[in-house]
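Grab a viewer and work through these short exercises with the structure open. Each one sets a task and then walks through a solution.

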Amino acid sequence: MSTESESETGTGTADRGTTAPSSSINLESVRAVAKKDFQDSVRSWLFWGLSLFFFTLLVATTGVVSYFGEDIAAQGATTDVLVGFVSEITRLIIPLIALILGWKAIAGERESGSIKILLSLPHSRKDVLLGKLIGRSAVLSLSLTIGFVLAAAVVAVLLGGFDVADYVGLLLVSIVYGIAYTSIAVSLSSLTRSTTIAGAAMFGVFILFYVVWNALTSVASLLADRGVPFFETISYTTEMQGQEVELERLPDWVYFVVNLDPGEAYGRTLTLVTDTDMIELQAQLNEEMFGGELPFFLQDWFALLILVFWIVVPIAVALYRFDRVDL
Amino acid sequence: MPAITVDGLTKTYGQTLALDDLSFEVEEGEVFGFLGPNGAGKSTTINVLLDFVRPTAGRVEVLGLDAQTHSREIRSRTGVLPEGYRTYERLTARQHLEFAMDSKGVDDDPERLLERVDLADAIDKKAGGYSKGMAQRLMLAMALVGEPELLILDEPSTGLDPNGAREMREIVRQESERGATVFFSSHIMEQVEAVCDRVGILREGEMVAVDSVAGLRESVSDGTVLRVTVDRLDDDAIEAVRSLPDVSEATVESEAPPTLAVRVDGSKTDVLSALENQGLEVRDFSTSEASLEEVFQSYTTEVGAR
């Protein structure tokens, strides 16, 4: 990927051709920026304060679950309950930490002028964006890993054991989920010079996925009830307490849109890596709605794709745009 | 090959014209003082050299390379002390320098660099606790990493006390002796005087003069000011002095003691003789060159601009 070897133009005059090596990506540069950013943000009190809040919440919840969970343990479902509870917490907390960790990533450096230190050195703007994304993702991953290990220790002490594979799966998917939100945060942060606007954008993202997106299903149902075109419901049959009942569901595309939410994708991806019954029960119910087989966009592998989408697309837009602005 | 070539550079921010068809060259190996009042466009020019901002029109080459397409290569061979930066408050001086070395892919000695800028005792302290002057020293040390061919220093004396400013000029001199080209911006004339081979004066986005310090002084003052104290003032005598070919200006500077200020480009004895021929007694006289501040002001204020 590194392309800085053409520097000798021979004639002594500048090459004003179409190639723009200044906007290339140099992996050594990305590494240097990522390392610096990790060193810098890992020393942030705000970040560790948030992490501590997260650890406490996680450990307390798992402690409570474990303490009252002896009956569950007898049924061999401890890990299910653990994964279920933990993922409910992380689904909400990870975006918060990632957005707060990332909102100043670029806007803050532009506002204070410290980006001049970064870009006085031989880094391209793309190197800076990628280095920031990697550095902050690493910091977030460190926090998540510490939190998960602490919670696991509590569970292990109280219950004597749990399914490590499922738990590690939960951690890995949580990290991917965290990187998706970090990508959103760093990218939005690169679009403005003002940390105030960047902060508002972070808040907007949170509201978008936690208020607007959650309301989508209800709004779609309302519109469907009124027979608004494109919202017509589809009937399906299911068995309830031994009886066949006919129910209605929203059209496919509403499910597709609802599932674009990173949080929704996070939950679904979890079923891919853990064999948690609680989540699978939900999936079965869904299958009946679609006549036995889920459409591709509701299948678990697609949820992983959606998470990857939320990592790749925001940073790709930022990489394109940040190269073209005055600092 | 010039170290910096700026050719017809224009930069507008919305309706504001920051740089207007600016052209100049900085020769390899020279120390070039880039002078102008605040807001004249010095930082905008430097921002274009470093590809922080993109020109509206014009061509800029640094080290023979296009400043836009080859910025990474340029910055790998250049040391920069930017203006309006902020250090990473959670990182130490050592970490700042290690980052610069890492970024440039060079090996250097953080302790030696910090000794040069007199900051060695703060090497493992976090930059958040530094004074403005300490931060400025750290940035200068970062600029020196890897013995760059070109140093771009934007207002390097900011935050430094007179002693610090002198040390900074000493470093500029050492770097120049090593063979580096130094491009040095300031809004204070006397800071560039001691170290710069040539000075360019920028006013409202235009280069109004480029010359050596001595050349600039000469072009502004049209020679020296001769102050003559006489026994009495006489209009005819003043007229006689004014009519001399080398005199551009003659005014009464004070009544008691009666003193004339005469701007003269050639023989001063002609002036003295002319006064004596009119029957005046010359009691004392002195000469002075135009101060650098006068030179600077004559170029950067509307009245004195030429």
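**Exercise 1: the chain contact**

How many residues does the contact take from chain A, and how many from chain B? Bear in mind that this is a predicted model.

Solution. Start with the totals: chain A puts in 33 residues and chain B puts in 34 residues. Next, look for the elements on chain A's side that give two or more residues, and you land on helix 1 (27–41) and helix 6 (115–120) of chain A. Of the elements there, helix 1 of chain A gives the most, with seven residues. Finally, sort chain A's side by class: nine residues are nonpolar, 14 are polar and 10 are charged.

**Exercise 2: helix 2 against helix 7**

Work out how helix 2 and helix 7 of chain A pack, and what kind of residues meet there.

Solution. Take the geometry to begin with: helix 2 (residues 45–67) and helix 7 (residues 125–159) of chain A pack at an angle of about 25°, and their axes are 9 Å apart. Angles under 35 degrees count as roughly parallel, so helix 2 of chain A is roughly parallel to helix 7 of chain A. Their crossing is right-handed. Now pick out the residues: helix 2 of chain A brings, among others, A:Phe47, A:Phe54, A:Phe55 and A:Leu58, while helix 7 of chain A offers residues including A:Ile146, A:Gly147, A:Leu150 and A:Val154. By class, this contact has 14 nonpolar and six polar residues, with no charged ones.

**Exercise 3: helix 7 against helix 8**

Now do the same for helix 7 and helix 8 of chain A.

Solution. Helix 8 spans residues 164–189, and helix 7 of chain A packs on it at an angle of about 145°, with the axes 9 Å apart. The crossing of helix 7 and helix 8 of chain A is right-handed. On the helix 7 side you'll find A:Lys132, A:Arg136, A:Leu140 and A:Phe148, among others; the helix 8 side includes A:Tyr167, A:Leu171 and A:Gly178. Sorted by class, the contact holds 11 nonpolar, seven polar and two charged residues.

**Exercise 4: what to trust**

Which residues of chain A have a pLDDT that stays under 50?

Solution. Check the average: chain A comes out at a pLDDT of 82, and 86% of the residues score at least 70. Then find the weak stretch, which is residues 1–20 of chain A. The model has 30 contacts beyond four places in sequence for this stretch. Where pLDDT is low, the predicted coordinates should not be read in detail.

**Exercise 5: the domains of chain B**

Find the domains of chain B and how far apart their C-alpha centres lie.

Solution. The domain assignment gives domain 1 (4–218) and domain 2 (224–288) of chain B. The C-alpha centres of domain 1 and domain 2 of chain B are 46 Å apart.

Technical notes
Residues numbered from 1 in each chain as written. Chains lettered and ligands numbered in written order. Predicted model: local features only at pLDDT ≥ 70, side-chain atom pairs only at ≥ 80, totals over all residues. Contact = placed C-beta atoms within 7 Å. Helix = DSSP H or I, 4+ residues; strand = E, 2+ residues; numbered from the N terminus. Nonpolar A, V, L, I, M, F, W, Y, C, P; charged D, E, K, R; others polar. Domains from an automatic or database assignment. Axes fitted to C-alpha atoms, helices over the stretch in contact; angles between N-to-C directions. Parallel < 35°, antiparallel > 145°, perpendicular 65-115°, else oblique. Left-handed = near helix turned anticlockwise from the far one by under 90°. pLDDT = per-residue confidence, 0-100.
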